[in-house]
There are 2 protein chains.
Amino acid sequence: MYYSQQELESLEKRYRANLINSLSGYKSANLIATKSQDGIENVAIFSSVIHLGSNPPMLGFILRPTSVSRNTWDNLTTSQVFSINHVTEKIYKQAHHTSARYDGSVSEFKKTGLTPTCKNNFFAPFVKESPLQIGCKMRNNYYIKENDCRLIVGEIQHLYLPEKPAKDGWVDLGKQNTLSINGLDAYALPKLLDRLAYAKPDEETNSILNE
Amino acid sequence: MYYSQQELESLEKRYRANLINSLSGYKSANLIATKSQDGIENVAIFSSVIHLGSNPPMLGFILRPTSVSRNTWDNLTTSQVFSINHVTEKIYKQAHHTSARYDGSVSEFKKTGLTPTCKNNFFAPFVKESPLQIGCKMRNNYYIKENDCRLIVGEIQHLYLPEKPAKDGWVDLGKQNTLSINGLDAYALPKLLDRLAYAKPDEETNSILNE
């Protein structure tokens with residue numbers, strides 16, 4: 001099955017959105033929560049959270065100006081902070097519903113039954129039902145002129161984990177039922193297959209799963 | 001389990017890398033292939049490929065200047081093109097081994113046994129063993145000054161799928177055994193849980209899996 005650039009551009013809009021959104025491979029599933037100056041707590045699902053670097057610890061995500069995430073952007077520009085919360089098997093329906101186009105005056109927490117929780121006096125709420133919660137401060141944002149998106153760069157200020165990481169620092173996301181996203185609306189539960197040793201030239205790459 | 005920013009920054013370097021790399025949630029698993037002006041075919045695994053937009057169809061990924069992906073950057077600046085190829089259960093060990101620090105004069109295809117294949121006269125090779133292959137042209141790149149990374153923005157010029165998408169354009173990545181990545185070195189096989197309808201305010205969000 002082959003599509004040229006021209007063929008992709010001539011597809012019906014919704015069909016193309018479903019198709020192109022499937023192509024990056026599995027995406028991360030996170031709820032990003034913010035708070036307005038008026039105290040309205042906003043939460044929205046994002047499939048674009050990525051690792052940017054571990055030194056300093058930074059994550060990023062892509063914000064689309066035309067989407068419901070405008071509340072997120074408004075709150076980011078005033079407060080500079082946001083929380084990232086993993087989506088699990090237990091809350092994926094509620095998480096998905098945060099993408100409905102509610103007005104900025106409406107808290108998606110109230111509409112979905114997800115619970116905002118305050119920790120360490122961090123201005124943005126965390127999602128109580130999420131096992132892994134990260135408090136971030138926006139360090140910068142990059143406007144992507146090709147399609148009016150923004151890459152938000154956040155530094156990690158607070159990290160809450162359900163249990164101690166493995167002895168080398170790795171966190172087994174399978175233990176906490178973190179989901180991944182396939183396309184715009186499909187949720188998948190990953191099952192751990194293997195861990196591999198740091199790759200070195202001309203050496204066989206071995207499993208370190210049972211070390 | 002709680003870590004403050006200060007605690008994260010004081011962790012041992014490798015421990016911190018394992019920890020922070022686990023936090024974004026599951027990451028996409030792709031091989032990015034390029035070709036030098038001398039004809040040397042380079043391929044490297046990336047866990048940072050993301051969806052940027054479907055109109056026009058664009059994907060992005062993060063390039064770290066200090067990593068082995070420097071060959072990728074050199075080839076991108078001269079040729080402007082690259083291919084993105086999904087990593088599956090069958091090739092994850094070979095895919096992981098592309099992260100070994102081979103010299104720019106060495107093709108990781110030869111070292112791993114992955115097969116470069118030329119299609120539609122596209123300058124960058126595709127990975128034959130990968131079921132989903134995408135030919136991209138670099139439209140732009142954004143230098144992220146906070147940690148010397150670059151966001152590469154690519155427009156999709158060629159798309160090869162193993163079979164026709166679902167009737168609404170969605171591609172079931174589970175059918176082709178695309179993997180996801182947990183942290184720096186763990187590979188997981190996601191299993192489809194559900195697909196949900198487009199969310200609308202104050203309406204219940206229903207499954208569309210069997211429609």
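Start in chain B and select Asn30(B) together with His86(B): His86(B), in strand 7, is the bridge partner of Asn30(B). Keep in mind that you're looking at a predicted model.

Now widen the selection to strand 3 of chain B, residues 30-35, plus strand 7. The two run antiparallel, and four bridges hold the pairing. On to another neighbour of strand 7: select strand 10 of chain B, residues 133-144. Here too the strands run antiparallel, this time with five bridges between them. For one pair to click on, try Asn85(B) and its bridge partner in strand 10, Gln133(B).

Stay on strand 7 of chain B for a moment. Is it buried or exposed? Six of its six residues are buried, so the strand is largely enclosed by the rest of the structure. Colour Val81(B), Ser83(B) and Asn85(B) one way and Phe82(B), Ile84(B) and His86(B) another, and you'll see the two sides of the strand, both of them covered.

Next, step back along the chain to Gln80(B), in the loop between helix 3 (70-79) and strand 7 (81-86). Gln80(B) comes just after helix 3 and has a positive phi of about 70 degrees, even though it isn't a glycine. Its relative accessibility is 29%, so it counts as partly exposed: the cut-off for buried is under 20%. Helix 3 itself has several buried residues to pick out, including Trp73(B), Leu76(B) and Ser79(B).

While you're in chain B, find the loop between strand 5 (50-54) and strand 6 (57-63), where Pro56(B) sits. The peptide bond joining Asn55(B) and Pro56(B) is cis, with omega at about 0 degrees. Now hop over to chain A and select Asn55(A) and Pro56(A): a cis peptide bond joins them, again with omega about 0 degrees. Pro56(A) is in the loop between strand 5 (50-54) and strand 6 (57-63) of chain A.

Still in chain A, go to Asp148(A), in the loop between strand 10 (133-144) and strand 11 (149-160). Check its backbone: phi is near 60 degrees, a positive value in a residue other than glycine. Asp148(A) is partly exposed, at 40% relative accessibility.

For the last stop, show the side chains of Lys13(A), Arg14(A), Arg70(A) and Arg101(A), which form a positive surface patch. Zoom in on Arg14(A), which belongs to helix 2 of chain A, residues 13-21. Arg14(A) has a relative accessible area of 39%, which makes it partly exposed.

Definitions and conventions: Residues numbered from 1 in each chain as written. Chains lettered and ligands numbered in written order. Predicted model: local features only at pLDDT ≥ 70, side-chain atom pairs only at ≥ 80, totals over all residues. Heavy atoms only, no water. Patch = residues over 30% accessible without salt bridge, like charges linked within 9 Å, V, L, I, M, F, W, Y side chains within 5 Å. Areas by Shrake-Rupley, 256 points an atom, 1.4 Å probe, with all protein chains shown as cover. Salt bridge = Lys/Arg side-chain N within 4 Å of Asp/Glu carboxyl O. Lys, Arg positive; Asp, Glu negative; His and termini not counted. Charge placed at Lys NZ, Arg CZ, Asp CG, Glu CD. Buried < 20%, exposed > 50% of the residue type's maximum accessible area, 1.4 Å probe, protein only. Pairing = 2+ DSSP bridges.
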